[in-house]
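Good morning, and thank you for the opportunity to present. I should like to take you through one structure, beginning in its interior and ending at its ligand.

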Amino acid sequence: MKMKIMVIIAHPDLKQSRANQALAQALNGQTDTLVRDLYQEYPNWTIDVQKEQQLLLEYDRIVFQFPFYWYSCPPLLKKWFDDVLTYGWAFGPGGEHLKGKEFVVAITTGGPENGYRSGGDNWFTISELIRPIQATLVRCNGTFLPIFVTYNASFGTDAYLSQEARRYAEHIQTSLITLAR
Ligand SMILES: Cc1cc2nc3c(=O)[nH]c(=O)nc-3n(C[C@H](O)[C@H](O)[C@H](O)COP(=O)(O)O)c2cc1C
C-alpha cells in the first residue's frame with residue numbers, strides 16, 4: 001500500500017511567494033498526497049483541532065513546509081502545534097496517537113547556506129535552529145526524518161527554484177532508510 005502524505009504549508013501569503021509556491025507546485029497531481037495552505041484555511045486563526053487530529057490519524061507522513069522567519073516557523077504553524085498537539089492525545093497519558101507517524105520539516109531560507117554554520121552570519125546550522133520543533137514532534141512519539149532546506153530562496157533564479165522543487169518532491173517521498181544514509 002502506498003504511503004499517504006499530508007503537506008501543511010505555512011506561508012502568510014502563498015500566492016505572492018516564489019519559493020514555497022515553486023515547491024508546492026512540484027507536488028501537484030501526486031496521488032496520495034494532500035497539500036494544504038494553512039493560512040488560507042484559517043484566515044481568522046481558529047484552528048479546528050478535531051479536524052486536524054483526524055487528518056493526522058489518516059496520514060502516514062506529515063510534512064511541514066514554511067519560509068524561515070526569525071530562525072523559526074511563521075506564527076500560525078506555532079499555534080497549530082500549540083492547539084493540535086494536546087495533552088492526553090499527542091503526549092502524556094493516553095497520548096499515543098502519533099506513534100509511528102513520520103514527520104518532515106521543509107524550510108526555505110533567505111540566507112545562503114554558508115551563513116548557517118559556526119562563525120557564519122547566522123552562527124548555527126538549520127538542524128540546530130530547528131530543535132524545538134524536532135523535540136516537540138519526538139516528544140509526541142513521532143519519527144523525525146531528515147529535514148529539507150532550500151537556501152538562498154529569495155534571490156534564487158527560477159531555474160534554481162524548479163530544480164529545488166524537484167529535489168523536494170523526491171525528498172518527501174523517499175523512505176526513511178534512504179534519507180538517513
Ligand atoms: C519576517 C521575516 C523573517 C525572516 N527571517 C529569516 C531568517 O531568520 N533567516 C533567513 O534565512 N531568512 C529569513 N527571512 C527570509 C525568508 O525566509 C524568505 O523570504 C523566504 O524563505 C522566501 O520564500 P517565499 O518566496 O516562499 O516567500 C525572513 C523573512 C521575513 C518576512
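**The strands in the interior**

Let us begin with strand β1, residues 5–9: five of its five residues are buried, so the strand is largely enclosed by the rest of the structure. Please keep in mind throughout that what you see is a predicted model.

How are the buried residues of β1 divided between its two faces? Ile5, Val7 and Ile9 lie on one side, Met6 and Ile8 lie on the other, and all of them are buried, which leaves both faces of the strand covered. In general terms, the side chains of a regular strand alternate between the two faces of the sheet.

The neighbour to consider next is strand β2, residues 33–37, which pairs with β1 in the parallel sense over five bridges. Within this pairing, Val7 stands opposite Val35 of β2.

A second enclosed strand is β4, which covers residues 102–108. Seven of its seven residues are buried, so β4 too is largely enclosed by the rest of the structure. From β4, Glu102, Val104, Ala106 and Thr108 point one way, while Phe103, Val105 and Ile107 point the other way, and every one of these is buried. The pairing here is with β3, again in the parallel sense, and it runs over seven bridges. As a point of orientation, Phe66 is found opposite Ile107 in β4.

**The record for this chain**

I turn briefly to annotation. An unreviewed UniProt entry places the feature "domain: Flavodoxin-like fold" at residues 3–172. Over that range the model is 35% helix and 17% strand, and the C-alpha atoms at its ends are 11 Å apart.

**Loops and a helix**

Several individual positions deserve a look, and I begin with two that share a backbone feature. Asp32 sits in the loop between α1, residues 19–25, and β2. Its phi is near 65°, a positive value in a residue other than glycine. Is Asp32 buried, exposed or partly exposed? Its relative accessibility is 34%, and because a value between 20% and 50% falls in the middle class, Asp32 counts as partly exposed.

Trp70 is the second case, with a positive phi of about 45° although it is not a glycine. Its location is the loop between β3, residues 61–67, and α4, residues 75–84. With a relative accessibility of 78%, Trp70 counts as exposed.

Another loop, between α2 (38–41) and α3 (49–58), contains Thr46. This residue is exposed, at 53% relative accessibility. Thr46 and Thr33 are separated by 13 residues in sequence, and their C-alpha atoms are 24 Å apart in space.

Further along the chain, Gly142 occupies the loop between α6, residues 131–139, and β5, residues 143–144. Although it belongs to a loop, Gly142 is buried, with a relative accessible area of 13%. From Gly142 to Arg131 there are 11 residues in sequence and 14 Å between C-alpha atoms.

The loop that follows β5 and leads to β6, residues 148–150, holds Pro146. Pro146 counts as partly exposed, at 27% relative accessibility. The C-alpha atoms of Pro146 and Asn44 are 32 Å apart, and the two residues are 102 positions apart in sequence.

As a helical example, I would point to Val84 in α4. Its relative accessibility is 0%, and Val84 therefore counts as buried. Between the C-alpha atoms of Val84 and Phe148 there are 23 Å, with these positions 64 residues apart along the chain.

**The ligand and its surroundings**

Finally, we come to the ligand. Which of the 16 residues around the ligand come nearest? They are His11, Ser17, Phe68, Thr108 and Tyr116. One of them, Thr108, has already appeared among the buried residues of β4. By character, the shell around the ligand divides into seven nonpolar residues, eight polar and one charged.

Backbone atoms of the protein also come close to the ligand. A backbone N or O atom of Arg18 lies 3.0 Å from a ligand oxygen atom, and a polar backbone atom of Ala19 is 2.9 Å from an oxygen atom of the ligand. For Gly110, a backbone N or O atom lies 3.1 Å from a nitrogen atom of the ligand. On its own the ligand has 640 Å² of accessible area, and the protein covers 71% of this.

That concludes the presentation, and I thank you for your attention.

How values were computed. Residues numbered from 1 in each chain as written. Predicted model: local features only at pLDDT ≥ 70, side-chain atom pairs only at ≥ 80, totals over all residues. Heavy atoms only, no water. Near = heavy atom within 4 Å. Polar contact = N/O pair within 3.5 Å; in protein donor to acceptor, adjacent residues only side chain to side chain. Areas by Shrake-Rupley, 256 points an atom, 1.4 Å probe, with all protein chains shown as cover. Nonpolar A, V, L, I, M, F, W, Y, C, P; charged D, E, K, R; others polar. UniProt positions renumbered as here; feature names shortened; annotations may be inferred. Helix = DSSP H or I, 4+ residues; strand = E, 2+ residues; numbered from the N terminus. Buried < 20%, exposed > 50% of the residue type's maximum accessible area, 1.4 Å probe, protein only. Pairing = 2+ DSSP bridges.
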